[in-house]
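Trainee: Could you take me through one part of this protein slowly, and show me what surrounds it? I would like to follow a single strand and the loop that leads into it.

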Amino acid sequence: MAEAHEAVAFQFTVGAEGVSVNVSYDVFKALVYAGLRSWKLRCRRTMNSLYNSIYPGHPARGIAWCDKIIHYSDSHHIAVYHKGRWFKVFMYYQNNLLQPCELQLQLDEIVRDTTPPDYGEEHLAALTAGERTLWAEAREKYFLSGVNRGSLEAIEKAAFVLILDDDEFDIGVKAEDRYDTYANAMLHGKAYNRWFDKSFSFIVSKNAVVGLNVEHSWADAPISGQLYEYVISEDIMNFGYDEVGNTCGTPRFTALKAIKLKWSIPEGCNDMIETSLVQATKLYDDVDLHVCVHDAYGKNFMKKCNLSPDAYIQMVLQLAHYRDSGRFHLTYEASMTRLFRDGRTETVRSCSIESSEWVKAMDDPTVSKSERVKLLRHACDYHQQQYRDAMTGKGIDRHLFCLYVLSKYLEIDSPFLQQVLHEPWKLSTSQTPANYDDQRLKYLVKKNPDLAKKYGIVDNRSLASIGGGFGPVAADGYGVSYIIASEDLIFFHISSNKSSSETDSKRFGQRIRQAMQDMRTLLTAD
């Protein structure tokens, strides 16, 4: 039965045939004007993007304090943080990109440098981690002139930030507990040793374990994931290291030296820095992040059962979450809309009538095994159809959001939109794809067979990362990011808030393991 929802100036009806929208003349006129403005902005942005590629965000002053994403022109340097000091490291010399051995000269000099941080420098980056208004006020008052402006510009106009951490991380498939420490360090660090306004930061530990911290507004996980896999594969297979760990090659010149950035931080500014640090520390102390490693089986088994690995894992999460909370909740899964220009994501609502019927059947002893399998396949098929619809512009949530924005623009109150867009996502999920160019890697393996053998690199799965995580969307919910790292290895990054009495990330990891085991048992022939 169709259900109609009406506002003053537009009406849309949801029925079995789909969604029909009736728009008044005033709304139509507003849409046309909004479209013209959008195309003007898009043309302007396209012209800018011909010359710009870096995306650091920073506060800017206007009618109200707000953030802007600034596209800087090409950058010839990076910013490096080490032991509380900030450095400017050049990547070019006489318009030539430096070779790894030439970059190493500058980085070695930084590591050997014993110069102490300037007053306020060590915790300076906490300004990017605390409340935005405080950072904007500090920027306006202390960073618009003099030495501070020059040093801040060196960081913000850098291609990216490189963090040389003092900590060491021990990771591996059998080191699950130690993964949590590593994942937390990548996600938030100590709040003052990450520059969160940069598009991305490479983080290298003292024992050469590497990771990324990515600001999300400029791109989605597949972009940063591909970047990470490219860097790792080229670093190992193309450039390489000698037996003692130095980069290969002979420097062509030694003229370049890293520049230690100077700061003049007065007491008032340092107070703001420390206030931001307290705010940020309170936030990250509440993060309950757990990396669940599942290596009992993976997508090989799922494919043999003729089930989509993503749909399979989403059903795992539905079963685990129902057992964890005792009820069904609105669930978000990100679907890419890369088929469209400037496409980002659409929502797949994984908690459906079909998935709920299967989940309840799994814990109902009166339901037969064959009926459970039937319900599972039906739920997975429906989920796949949802995913295809989302990818091809037939999703629900972005359309609803556009109607919501339009209602705000026209100052129209829509109780339906208020309700549907303010329901909490108690379970927010996303899959990180492992998608490095396999043809390029095959070429590198063929070119350097000894290196490939030394590091055990066979195909692109050999270089897949453990994925990445994000915080929960709801205060009493979970955020779950997962990556199918190889045929029989899956990483789940589970986040929640320690302050919530309803959630526990390690407990949820156990629920996931149990659900994975139960589904394998269900699909294994007697």
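Mentor: Happy to! We need one definition to begin: two strands count as paired if DSSP finds at least two bridges between them. Please keep in mind that this is a predicted model.

Let us start with strand S13 and its neighbours. Strand S12, residues 161–164, runs parallel to S13, and four bridges join the two. One of the contacts to look for is Val161, whose bridge partner in S13 is Ser201. S13 also pairs with strand S14, residues 210–214; here the strands run antiparallel and five bridges join them. On this side, Phe200 stands opposite Val214 of S14. S13 and S14 form a hairpin with five residues between the strands, and in this hairpin Ala208 takes a positive phi near 70°. How covered is S13? Four of its five residues are buried, so you can call S13 mostly covered, given that buried means under 20% relative accessible area.

Now step back into the loop that comes before the strand. Lys198 sits there, between helix H5 (176–187) and strand S13 (200–204). Lys198 is buried, yet has no salt bridge. Why does Glu156 not count as a salt-bridge partner for Lys198? Glu156 is the nearest side chain of opposite charge, but it is 7.9 Å away, and a salt bridge needs the nitrogen and the carboxyl oxygen within 4 Å, so the two do not qualify. What the side chain of Lys198 does reach is the backbone oxygen of Ile155, at 3.3 Å.

The same loop brings us to some aromatic rings. A pair of aromatic rings is described by the distance of the centres and the angle of the planes. A search of the whole structure finds 18 aromatic pairs. Among them, Tyr81 and Trp86 form a tilted pair, 4.9 Å centre to centre with 55° between the planes. Tyr81 has a relative accessibility of 4%, so it counts as buried, and Trp86 is buried too, with a relative accessible area of 0%. Trp86 also pairs with Trp195, this time edge-to-face: the centres are 5.4 Å apart and the angle between the planes is 85°. Here is the link to our loop: Trp195 lies between H5 and S13, whereas Trp86 belongs to strand S9 (residues 85–90), and the two are 109 residues apart. Both Trp86 and Trp195 are buried. Follow the ring pairs and you find a cluster of Tyr81, Trp86, Trp135, Phe143, Trp195 and Trp263.

Finally, let us set Lys198 beside a lysine that does have a partner. Side chains of opposite charge can pair when their charged atoms come close. The whole structure holds 18 salt bridges. One of them joins Glu121 and Lys260, with the closest N and O atoms 2.9 Å apart. Glu121 lies in the loop between helix H2 (100–112) and helix H3 (132–142), and Lys260 lies in strand S15 (residues 259–260), so this pair ties together parts that are 139 residues apart in sequence. Glu121 counts as buried at 0% relative accessibility, and Lys260 is buried with a relative accessible area of 13%. To recap, Lys198 is buried without a salt bridge, while Lys260 is buried and has one with Glu121.

Key
Residues numbered from 1 in each chain as written. Predicted model: local features only at pLDDT ≥ 70, side-chain atom pairs only at ≥ 80, totals over all residues. Heavy atoms only, no water. Buried < 20%, exposed > 50% of the residue type's maximum accessible area, 1.4 Å probe, protein only. Lys, Arg positive; Asp, Glu negative; His and termini not counted. Polar contact = N/O pair within 3.5 Å; in protein donor to acceptor, adjacent residues only side chain to side chain. Phe/Tyr/Trp six-rings, centres within 6.5 Å; stacked < 30°, edge-to-face > 60°.
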